[in-house]
Amino acid sequence: MSAIPATTSVVIVGAGPAGLTAAVALADAGVDFVLLDRQAEGANTSRAAVVHARTLEVLNEFGIAEELHDLGVEVPRFVMHDGPARLATIPFGGLPTAFPYTLMVGQETTEAVLLSRLHKAGGEVHRPYEVTAVTGDGTGVTVEFTDAAGTSGSIRADYVIGADGMHSVVREQAGIGFTGATYPESFVLADVRMDWMDSREEVSLNLSPEGVTVVAPLPGADGDRYRVVATVAEAPQHPTRDDIQSILDARRPGARIREVLWSSRFRVHHRVADRYRAGRIFVAGDAAHVHSPAGGQGMNTGIQDAAALGALLVRVLRGEPQDLLDEYEKTRRPVALDVVAFTDRMTRGATLRPRPARMVRNIALRTLTRVPAVRQALAYRLAELANR
C-alpha cells in the first residue's frame with residue numbers, strides 16, 4: 001500500500017459500492033485520486049443483495065456487468081403475496097434494456113468485482129484511515145485523518161466525495177443537513193438455507209399485518225440459499241433460526257429454515273441530504289440518502305450517483321466550467337426524493353393492519369396489475385430505468 005500523498009485531485013471517503021464506482025470512473029479517465037476507508041477490509045457480508053437493470057447498465061459501461069451476472073442469480077419476476085394468496089406478478093422480461101431481470105448477488109461480491117476493476121485501472125483503496133475533519137475553501141479541500149496507529153495526517157484535494165455512509169463525517173463536516181425520520185420498526189436481515197415453496201425465479205414481497213417480509217434467492221450450488229428481510233417490532237441483535245422461522249410461520253407458512261448463514265438487525269431511516277454539494281464537497285450513496293429496503297433501491301441508487309458524479313468531475317478537471325457540477329444535485333437529488341417516497345409507500349402499504357384496509361389494498365393490487373401497462377410501469381419503476 002502506497003503512502004498518502006500530500007495533494008490529489010479528488011479524495012473519496014468510503015470504499016463501499018458508491019465510493020468504488022466513483023474511483024473506477026476517475027481511474028479510467030486518468031484522474032488523480034485517493035480513496036480512503038476506515039475499515040481494515042472490505043465487506044464480507046451480503047447486506048444489499050439486489051442489483052437492478054439500470055445499475056447493470058451503468059456497470060456495463062465499466063465492462064463488469066457480465067462478470068457480476070455470472071456470480072449472481074437472474075430473477076425475472078417480482079411477486080406480491082398476502083399470506084398464501086398471490087396478489088400480483090410483475091415480470092421484468094419486457095423491459096427495454098439488455099438486462100430484463102433483477103440480479104441477486106451479495107454486496108460483498110459486488111464490492112469485490114468493483115475492487116478488482118479498480119485495481120485493473122491502476123487504483124487502490126487506502127485502509128484503515130479514519131477521516132476526522134474536512135475543511136473546504138475557494139481553492140480546495142483539506143481532509144484530515146488518522147491511521148491504524150492513531151497517527152494524524154492530512155491531504156489537500158481539489159474536490160472531495162463523501163461516500164461514507166449514513167453517519168457520514170464528510171456530510172456533517174460540510175454542514176449538510178439530513179432531513180427525514182426513522183421507522184418505528186426494526187428490520188431483520190438474514191441469509192439462510194431453507195426449503196421455500198416459491199420459484200427461484202421470483203423475488204417475493206409478502207404483505208401481512210405483522211409486517212413486510214421479502215424473500216429472494218441467493219447464489220449457491222445447492223439452490224437453497226435465500227435472503228430474508230422482515231420488519232418486526234423489536235428484533236434481536238442476531239436473529240436465530242427460530243426467530244426467522246417464527247416470522248415466516250406467521251406471515252408465509254410453509255417454509256423450513258435449515259441454517260442461518262448470517263443475520264443482523266437494523267433500524268431504517270428515510271432521509272435525504274438537504275444539498276448534494278457544499279462548494280467543492282459532494283455526498284453520494286448512503287451519505288446522501290437512506291430509505292426502506294423495500295424494492296432494493298438503496299445500493300443501486302448510490303452506484304448510479306457515483307457514476308454520474310465521477311463523469312462530471314472528469315469533465316470539469318479536464319477544463320470544462322465548474323458550474324457543470326451543479327448538474328449532479330439537479331439530476332440525482334430528485335431521484336433520491338422519489339426513491340424515498342416510493343419505498344415509503346411500499347412499506348406503509350405492505351404493513352396495513354385494519355382488515356378492511358387490507359382488503360381494499362388487495363383488490364386494488366389484483367385489479368390494477370391485470371392491466372399490462374400498469375405491470376410494465378411498475379417493472380420499469382422497480383428496475384430504476386426512469387433514472388437514465
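**View 1. Pro 184 is found in strand β12, which covers residues 178-195.** This is a predicted model, and so are the views that follow. Is Pro 184 buried or exposed? With a relative accessible area of 61%, Pro 184 is over the 50% cut-off, so Pro 184 counts as exposed. Leave aside the neighbours within four places in sequence, and Pro 184 is in contact with Ala 233 and Arg 267. Arg 227 makes a handy landmark here: 43 residues separate Pro 184 from Arg 227 in sequence, and their C-alpha atoms are 22 Å apart in space.

**View 2. Ser 204 sits in strand β13, residues 202-207.** Here the relative accessible area is just 1%. Buried means under 20%, so Ser 204 is buried. What does the side chain of Ser 204 make a polar contact with? The partner is the side chain of Asn 206, at 3.1 Å. Setting aside neighbours within four places in sequence, you can also find Ser 204 in contact with Val 79, His 81, Trp 196, Asp 198, Thr 213, Val 214, Val 215 and Arg 252.

**View 3. The largest cavity holds about 40 Å³ of space.** How many cavities of 30 Å³ or more does the structure hold? There is one. Look around the walls of the largest cavity and you'll meet Phe 187, Val 212, Val 214, Val 229, Ala 230, Thr 231, Pro 293 and Ala 294. Strand β15 (residues 225-232) gives the most to this lining, with three residues. Sorted by type, the lining has seven nonpolar residues, one polar and no charged. Val 214 turns up in this lining, and Val 214 is also one of the contacts of Ser 204.

**View 4. Helix α1 runs over residues 17-28 and is mostly covered.** Try a quick check with a ruler: at 1.5 Å a residue, the twelve residues of α1 should span 16 Å, and the end C-alpha atoms are 16 Å apart, so the two agree. Eleven of the twelve residues are buried, among them Pro 17, Leu 20, Val 24 and Ala 27. Which elements help cover the buried residues of α1? The cover includes strands β1 (7-13), β2 (33-36), β8 (125-126) and β11 (152-162), along with helices α4 (107-120) and α7 (298-317). Just after α1 comes Gly 30, with a positive phi of about 75 degrees.

**View 5. Two backbone oddities: Pro 128 and Glu 384.** Most residues other than glycine have a negative phi, and most peptide bonds are trans. The peptide bond from Arg 127 to Pro 128, though, is cis, with omega near -25 degrees. Pro 128 is in the loop between β8 and β9 (130-136). Glu 384 has a positive phi, near 65 degrees, and isn't a glycine. You'll find Glu 384 in the segment after α10 (372-382). With a relative accessible area of 1%, Glu 384 is buried.

**View 6. Thr 151 is found in the loop between β10 (141-146) and β11.** Why is Thr 151 called partly exposed? The label fits because the relative accessible area of Thr 151 is 45%, and partly exposed covers the range between 20% and 50%. Apart from neighbours within four places in sequence, Thr 151 is in contact with Phe 145 and Thr 146. Compare Thr 8: Thr 151 and Thr 8 are 143 residues apart along the chain, and 20 Å separates their C-alpha atoms.

Key: Residues are numbered from 1 along each chain as its sequence is written. This is a predicted model: local features need pLDDT of at least 70, side-chain atom pairs count only at pLDDT 80 or more; totals for chains, interfaces and linings use all residues. Side-chain values use heavy atoms; hydrogens and water are left out. Helices (H or I, at least four residues) and strands (E, at least two) are DSSP runs, numbered from the N terminus. Buried means under 20% relative accessible area, exposed over 50%, partly exposed in between (1.4 Å probe, protein chains only). A polar contact is a pair of N or O atoms within 3.5 Å; within protein, one must be able to donate a hydrogen and the other to accept it, and residues adjacent in sequence count only if both atoms are side-chain atoms. Contact means heavy atoms within 4.5 Å. On a 1 Å grid over the protein atoms alone, a cavity is a set of points where a 1.4 Å probe fits but cannot get out, and a pocket is an open set with protein on both sides within 12 Å along at least five of seven lines; lining residues have an atom within 4 Å of a point. Grid points are joined across faces, edges and corners, and a volume is the space filled by probe spheres set on the points. Ala, Val, Leu, Ile, Met, Phe, Trp, Tyr, Cys and Pro count as nonpolar, Asp, Glu, Lys and Arg as charged, and the others, Gly among them, as polar. The expected span of a helix is 1.5 Å times one less than its number of residues.
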